[in-house]
Amino acid sequence: MPKSKRDKKISLTKTTKLGSKLKQSVMENLREAVNKYEHIFVFHTDNMRNGKLKDVRNEWKDSRFFFGKNKVMSYALGKSAQEEIQTNLHKLALKIEGQCGLLFTNRPVDKVIEWFDNYSEPEFPRAGIRAAYTVTLDEGPLPDTFIHSMEPSLRQLGLPTSLQRGVIQVLKSHTICKEGSIITPEQSRLLKLFGHKMAQFKIVLRYVWSKDGQFRPLLDE
């Protein structure tokens, strides 16, 4: 009968430089989660927002999300067949790279995939992403929500404006951003002021491992 890997101890000698009590605690929590949950997903987030992530956590209170240093999480799970604490878990550990997190759950894999495929929340775009569509302001007065004291700030952000009888006027048609262009910090601020949520907060599942030893990618590599 093959020896169980469930209670296998992993030497921390390779992680001496990581060896604070906090990091060791994270590793122990991860190993406990491996024993508690049937499935582990590696995921990344598009347009990360802490508030939106908190909402997702509330929807998945029966599961557990982990974020941390990739090296710590990888060592906790075992990066080789000799170090892994469950069969084939090292295959998942080797995929912990870049900006990613781990989801531990007992929900059926197909239901997890379906939920996250259907989940996304609109968000205001931050600088550095591509504009989803073109936004152009027409010449003329801005809505009353733009109070007169905002006019200098709007000019600093690049809008051709002036204050006329207490009303902010756009002096000529102005394109805030063009579809496909990289959004600048100034454009990001303007898009938020004018209510354009062209980004999407989304959690993208990349890999899944299950306790029966199955491991598979969920996206084309």
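Strand β1 (residues 39-46) makes a good starting point, since six of its eight residues are buried, so the strand is largely enclosed by the rest of the structure. As the model is a predicted one, this and everything that follows describes computed geometry. Strand β1 has partners in β3 and β10. With strand β3 (residues 101-105), β1 runs antiparallel and is joined by five bridges; within this pairing, phenylalanine 41 has leucine 103 as its bridge partner. With strand β10 (residues 199-210), the sense is again antiparallel, and the pairing extends over eight bridges. Here aspartate 46 of β1 is matched with lysine 202 of β10. As a general reminder for reading such pairings, side chains in a regular strand alternate between the two faces of the sheet.

The domain assignment divides the protein chain into domain 1, made of 26-123 + 198-215, and domain 2, covering 127-195. Between the C-alpha centres of domain 1 and domain 2 the distance is 39 Å. The UniProt record, an unreviewed entry, lists residues 126-195 as "domain: Large ribosomal subunit protein uL10-like insertion". Over residues 126-195, helix accounts for 21% of the chain and strand for 24%. The C-alpha atoms at the two ends of this stretch are 13 Å apart.

A further sheet can be followed in the model. This is an open sheet of three strands, ordered β6-β8-β7 and paired in the antiparallel sense. Strands β6 (140-141) and β7 (161-164) each have a single partner strand and stand at the edges, so one side of each is left without a neighbour in the sheet. The antiparallel contact between β6 and strand β8 (residues 167-170) consists of two bridges. In this contact, proline 141 is found opposite glutamine 169 of β8.

Which rings, then, come together in the model? A pair of aromatic rings is described by the distance of the centres and the angle of the planes. The count comes to 11 aromatic pairs. One of them joins tryptophan 115 and tyrosine 119, whose ring centres are 5.0 Å apart with planes at 10 degrees, so the pair is stacked. Tryptophan 115 is partly exposed, at a relative accessible area of 25%, while tyrosine 119 has a value of 12% and is buried. Another stacked pair is formed by tyrosine 207 and phenylalanine 215, with 5.8 Å from centre to centre and 15 degrees between the planes. Tyrosine 207 is buried, at 4% relative accessibility, whereas phenylalanine 215, at 24%, counts as partly exposed. Ring pairs also link Trp60, Trp115, Phe116, Tyr119 and Phe201 into a cluster.

Charged side chains meet some of the rings as well. Arginine 107 lies over the face of tryptophan 60, at 3.7 Å from the ring centre, and tryptophan 60 is itself a member of the cluster just described. Lysine 79 is placed over the face of tyrosine 75, with 5.5 Å to the ring centre.

For anyone planning to look at the cysteines, the structure holds zero disulfides. In general terms, a disulfide is a covalent bond between the sulfur atoms of two cysteines. Cysteine 100 is buried, at 9% relative accessibility, and cysteine 177 is also buried, with a relative accessible area of 1%.

Definitions and conventions. Residues are numbered from 1 along each chain as its sequence is written. This is a predicted model: local features need pLDDT of at least 70, side-chain atom pairs count only at pLDDT 80 or more; totals for chains, interfaces and linings use all residues. Side-chain values use heavy atoms; hydrogens and water are left out. Rings of Phe, Tyr and Trp (its six-membered ring) pair if their centres lie within 6.5 Å; planes under 30 degrees apart count as stacked, over 60 as edge-to-face and the rest as tilted. Buried means under 20% relative accessible area, exposed over 50%, partly exposed in between (1.4 Å probe, protein chains only). A charge sits over a ring if NZ of Lys or CZ of Arg is within 6 Å of the ring centre and within 35 degrees of the ring normal. UniProt positions are given in the numbering used here, feature names are shortened, and annotations may be inferred rather than shown by experiment. Helices (H or I, at least four residues) and strands (E, at least two) are DSSP runs, numbered from the N terminus. Two strands pair if DSSP finds at least two bridges between them. Domain bounds come from an automatic or database domain assignment. A disulfide is a pair of cysteine sulfur atoms within 2.5 Å.
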